[in-house]
Amino acid sequence: MVSEMGSAERTNANRKWNYKERVVGILKKRRRLAEVKRSAWALTGKIFVIAVCAYLALSYLFGIGIVSGEGMYPRLRDGDMVIFYRMEAEQNVNDIIAYSKNGALHYGRIVALGGDSVDLNEDGQLIVNGSVQQEEVFSATSAEGRATVFPVQLAQNEVFVLGDNREYAQDSRDFGPIARTEIEGKVLSLLRNRGL
C-alpha cells in the first residue's frame with residue numbers, strides 16, 4: 001500500500017509538474033506573440049511617419065515633373081523626370097526653373113531678372129539692358145509669330161524665361177514675363193527616360 005501511495009503521489013506530482021510546464025510554455029508563447037505584435041505596430045508606425053515625411057518633402061520642399069517637348073533640348077529631353085527645389089528664395093540668370101502657365105508645368109532658363117529690359121534684334125540675338133548676350137543656343141532667338149511685343153521692361157517681381165531650343169520652345173516670347181509667384185522651383189536634377 002505504501003508503494004501504491006508513493007506511486008500515486010509521484011504521478012500527481014508529475015501531472016502538476018507537466019501542468020506547470022504547459023502553463024509556462026503557453027505564457028511564453030503569448031509573451032512572444034505580444035512582442036511580435038508590438039514590433040509590428042512599431043514598424044507600421046515608423047513606415048507611416050516616413051511616408052508622411054516623404055509626402056511633405058515632395059509636396060512642399062521638392063517637386064517632380066516630366067518634361068514635355070524639346071524646348072530645353074539638349075539639357076532636358078522629352079520624357080525626362082525633373083526634380084526641382086521649391087524653397088529657393090532667389091533666382092539668378094541662367095537658372096533652369098519649373099514654372100506654371102495656363103495650368104501646365106513648363107521648364108526654361110532665366111535670361112533676365114526684375115527691372116531688366118529685354119529685346120531681340122533682327123539677327124536673332126538676345127539683348128538684355130542694351131547688351132547682346134553670349135549664349136550657347138542652336139538656333140536664333142526669334143520673336144516672329146510670338147505673342148510678346150519687344151522690347152519688354154520687367155517689373156521687379158518678374159523674370160524673363162527662354163528655352164534652350166529656341167525654335168521649339170514655349171517661353172516668355174509666348175507667355176510674356178513670368179511672375180515669381182508662377183515659379184514652382186529651381187531644377188536640381190533629372191533622370192533621363194532612356195533605358196528605364
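## Where things sit

Helices and strands here are DSSP runs, with at least four residues for a helix and at least two for a strand, numbered from the N terminus. This is a predicted model. With those labels in hand, Arg 166 falls in the loop between strand S9 (158-162) and helix H2 (172-175).

## Arg 166 and its surroundings

Buried or exposed, what is Arg 166? At 1% relative accessibility it counts as buried, because the cut-off for that label is under 20%.

The side chain of Arg 166 has a polar contact with the side chain of Glu 135, at 2.7 Å. Leaving out residues up to four places away in sequence, Arg 166 touches Val 111, Glu 135, Val 137, Ser 139, Ala 140, Thr 141, Arg 146 and Arg 173.

## The sheet

Now for the strands. An open sheet is built from 7 of them, and the order runs S1-S2-S11-S3-S4-S9-S10 with antiparallel pairing. Its edges are strand S1 (62-66) and strand S10 (178-179), each of which pairs on one side only.

Zooming in on one pair, strand S3 (residues 96-101) and strand S4 (residues 104-112) run antiparallel and are joined by 6 bridges. Ser 100 sits opposite Leu 105 in S4.

## A nonpolar patch

On the surface, Phe 48, Val 49, Val 52, Tyr 55, Leu 56 and Tyr 60 make up a nonpolar patch of about 640 Å².

Take Leu 56, one of the patch residues. You'll find it in helix H1 (residues 2-61). Leu 56 has 40% relative accessibility, so it counts as partly exposed.

Note on methods: Residues are numbered from 1 along each chain as its sequence is written. This is a predicted model: local features need pLDDT of at least 70, side-chain atom pairs count only at pLDDT 80 or more; totals for chains, interfaces and linings use all residues. Side-chain values use heavy atoms; hydrogens and water are left out. Two strands pair if DSSP finds at least two bridges between them. Patches are made of residues with over 30% relative accessible area and no salt bridge: like charges are joined within 9 Å, nonpolar side chains (Val, Leu, Ile, Met, Phe, Trp, Tyr) within 5 Å. Accessible areas come from the Shrake-Rupley method with a 1.4 Å probe; for residues, only the protein chains shown count as cover. A salt bridge is a side-chain nitrogen of Lys or Arg within 4 Å of a carboxyl oxygen of Asp or Glu. Buried means under 20% relative accessible area, exposed over 50%, partly exposed in between (1.4 Å probe, protein chains only). A polar contact is a pair of N or O atoms within 3.5 Å; within protein, one must be able to donate a hydrogen and the other to accept it, and residues adjacent in sequence count only if both atoms are side-chain atoms. Contact means heavy atoms within 4.5 Å.
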